[in-house]
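I opened the model to look up a few things and note them down. The entries below follow the order in which I looked.

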Amino acid sequence: MLDRPVSELSKPRRRLPDQRWQIYPQKPEFAQNLAALTNISPIISQLLINRGMETPEQVQAFLEPESLVLPSPLEDFPDLAISLELLENAIASQTKIAICGDYDADGMTSTALLLRSLRTLGAQVDYAIPSRMHEGYGINKRIVEEFHSEGVGLILTVDNGISAFEPVARARELGLAVIITDHHDIPQKLPPANAILNPKLIAESSPYRGVAGVGVAYILAVSLAQQLGQTKGLIQPMLALFTLGTIADLAPLTGVNRRWVKRGLQHLPKSHLAGIQALIQVGGVQARGDEGAGEQGSRGAEEKFSNPKSKIQNPKSLKPEDIGFRLGPRINAIGRIGNPQTVIELLTTDDMGVALERAMQCEQVNASRQEMCQQIEQEAIAYVETEFVRSLQQDRVLIVVQPNWHHGVIGIVASRLVERYGVPVFIGTYEDEGHIRGSARSIPEFHVFEALEYCHDLLGKFGGHKAAGGFSLPAENLQMVRSRLIEFANQCLEPQHLKPLLKIDAEVNLNHLNQQLYQQLNALHPCGMDNPDPVFWTPNVQVVEQKIVGKGHIKLTIAQTIDNQEYKIKAIAWRWGDYFRLPSRVDIAYKLRENYFNGNTTIELELIGVRLPIQLQQFFASPPIHSSTNFEYNQRQYTCGFYKNGIEAELRIKNSEGKVLAMQPGHIIGLLGTNRQNAKEVDISQPQYDNIIQAALQALSVRS
């Protein structure tokens, strides 16, 4: 018999993504009734139920966001009236206004939005953005004192300031008025500003609750223009910047965000802003008609199915994926490793030549950022695998600090480590021998800002919200911070939380994946945060072709046989090179995508989850060791059974001539021979092997 484990001869690799699948309970009768009442298809009805909508009124408000009756922002934001009064007085008296922005896409689009609008409204206004490398996030005393020396009378923060107690107190000491516009979580002690606009300070039921920093800036600018009676020519440019910043910042696409983003995406292709046109041109983005729209969300990947050079007829609307994958990363890259002034000039200039020059700078910096991310990610994984991987289940959080990493891109690497290891990640690098600065990214059950507050006495500056944050600390405190974060993680996380959560909407067979279903899904768009792309799953499909393409992506063909007819569809799995090759039989979870190529449009899958079929999982989880059975396949007799080999179970199938086929779970390579010494490696995904394995499993299933 074959005695040596298959794994000794197989190429070492990670098995399959270690995910927990959460499939929404299906409510066919309820979905059918809701569909009938609202004149939509049952599948869309089920998807809306999954997203928390259960009444015709909720469904209508979601599907037709323009039907929402919005309260005046003055009713919902207590400090909006005084903010408008301060700005009106500053414009009337020509008092200098200074904007303190931030270096991410939200902060830079907010800065550009308020610069453009205030200048148009007659204000004397300039801006400053703190140095990412030397100062870190948020307004600081240096900026306050510089503003004061330049004769500034009113400071306006955007996308920062809610935690800046001391800098704001210093500004007030110097006689400067301060308006804070921010959307980050509220600290225990608010800064002494003249006015604070933050959606976290208003009622949870407010439709404005989910706006990002650029949303607060948009509300302030539109309200001011309306109060001054000067909205003409102002709203559309501000809407374009709002849309760009909201999607790039991964703000929830619900409430007013959904309404304004939907409107903004239709407007962007014909925007009069030179910077927007230059970004679209350099990013290779093509607008599509609504009949072909399908969003890919804002996950941060740069690749996508659609050919960027393809010419689509009837350009009407951009999609969140165009911003999330194409435009947003080019802006964010500048904030991470370049000079934010480049983006501010890009988004405020009316000169197309200057705009194209700045857009090309964004393009070059983004290419450098991609290379840097890849290198740091590889180094971080190697470090984690050596130092921490064995203790992750006990620690329940990952704290990775290394010298010489570029602090501007470690947040992206943190997100990738969360995806890989399924735990909250705090990643940092040394600014000098004595200080560490870092970024944090989270999983749903872990609140980053609360975790940082739990360590507040050991940290320097920190800020953020539930899913992400930034921090600094004296290097000597690193071990104490590590211990404190592990303590916090163990209070709020259970072992079952430590696998990436995959929420799945519904089961669908491949024969139902067509243009008709895809068109129905358009009703949910634009998709993004809090309104995710629909995720479907199909059980026990066959992987008939697979190969590595690009920078570690798997391109594959999936097949399913239904009523003796085989259905095939192409798929892509971004950055899954570690899992190559996939087993021949798997359950898959995926999003639907349109692929535009040579004038043809086809439906394809973006794979986001894969697991062994339930039947196979059950066998390998508790196999009937040394239990065997006989079966017939193609008029030949075989014996099969599960046997313990090393630490894992192994399926062995023996023919009448004494040849044995041996395989272990998750492996694509099996062994075939009369003993281990003369056995040869075979690809068990090939039909001649896969079919006999399925027949053996069926026989064992009947026996057990």
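**Entry 1: salt bridges**

I counted the salt bridges first, taking a salt bridge as a side-chain nitrogen of Lys or Arg within 4 Å of a carboxyl oxygen of Asp or Glu. The structure holds 24 of them. The model is predicted, so local features need pLDDT of at least 70 and side-chain atom pairs count only at pLDDT 80 or more, while totals for chains, interfaces and linings use all residues. Residues are numbered from 1 along each chain as its sequence is written, and side-chain values use heavy atoms, with hydrogens and water left out.

I looked up K200, which forms a salt bridge with D185, with the closest N and O atoms 3.7 Å apart. K200 sits in the loop between strand 6 (195-197) and helix 9, and D185 in the loop between strand 5 (177-181) and strand 6, so the pair ties together parts 15 residues apart in sequence. Helices (H or I, at least four residues) and strands (E, at least two) are DSSP runs, numbered from the N terminus. For exposure I used relative accessible area: buried is under 20%, exposed is over 50%, and partly exposed is in between (1.4 Å probe, protein chains only). K200 is partly exposed at 30%, whereas D185 is buried at 12%.

Next I took E363 and R330, whose side chains meet in a salt bridge of 2.5 Å, N to O. This pair links distant parts of the chain, with E363 in helix 15 (residues 352-387) and R330 in helix 13, 33 residues apart. E363 counts as partly exposed at 24% relative accessibility, and R330 is buried at 9%.

The third pair was R420 and D578, with the closest N and O atoms 2.7 Å apart. R420 lies in helix 17 (residues 410-421) and D578 in the loop between strand 16 (565-573) and strand 17 (585-597), so the pair ties together parts 158 residues apart in sequence. D578 is partly exposed, at 34% relative accessibility. I also noted a network: salt bridges that share partners join E377, R416, E419 and R575.

**Entry 2: a charged residue without a salt bridge**

Which side chain of opposite charge is nearest to R441? I found D104, 8.1 Å away; R441 is buried yet has no salt bridge. For charge, Lys and Arg count as positive and Asp and Glu as negative, while His and the chain ends are not counted. R441 is found in strand 9. Leaving out residues up to four places away in sequence, R441 touches ten-odd neighbours that I did not all copy; among them are G411, V418, P424 and G469. Contact here means heavy atoms within 4.5 Å.

**Entry 3: the sheet around strand 9**

I then traced the sheet: 5 strands form an open sheet in the order 7-8-9-11-10, with mixed pairing. Two strands pair if DSSP finds at least two bridges between them. Strand 7 (398-402) and strand 10 (462-464) stand at the edges with a single partner strand each, so one side of each has no neighbour in the sheet. The twist averages 15 degrees from one strand to the next. Strand 9 (residues 435-441) pairs with strand 11 (residues 468-474) in the antiparallel sense over 7 bridges. Within that pairing, I436 stands opposite L473. Helix 19 (residues 478-492) packs on the sheet and touches strands 7, 8, 9 and 11; its direction makes about 160 degrees with that of strand 7. Axes are lines fitted to C-alpha atoms, for helices over the stretch in contact, and angles run from 0 to 180 degrees between N-to-C directions.

**Entry 4: two helices**

I checked helix lengths against the expected span, which is 1.5 Å times one less than the number of residues. Helix 6 (residues 105-120) has 16 residues and should span 22 Å; its end C-alpha atoms are 22 Å apart, which agrees. Helix 6 is mostly covered, with 14 of its 16 residues buried. Just after helix 6, G122 takes a positive phi of about 95 degrees.

Helix 11 (residues 255-267) has 13 residues and should span 18 Å; I found 19 Å between its end C-alpha atoms, which agrees. Its buried residues include W260 and L265. The buried residues of helix 11 pack against helices 3, 9, 10 and 13.
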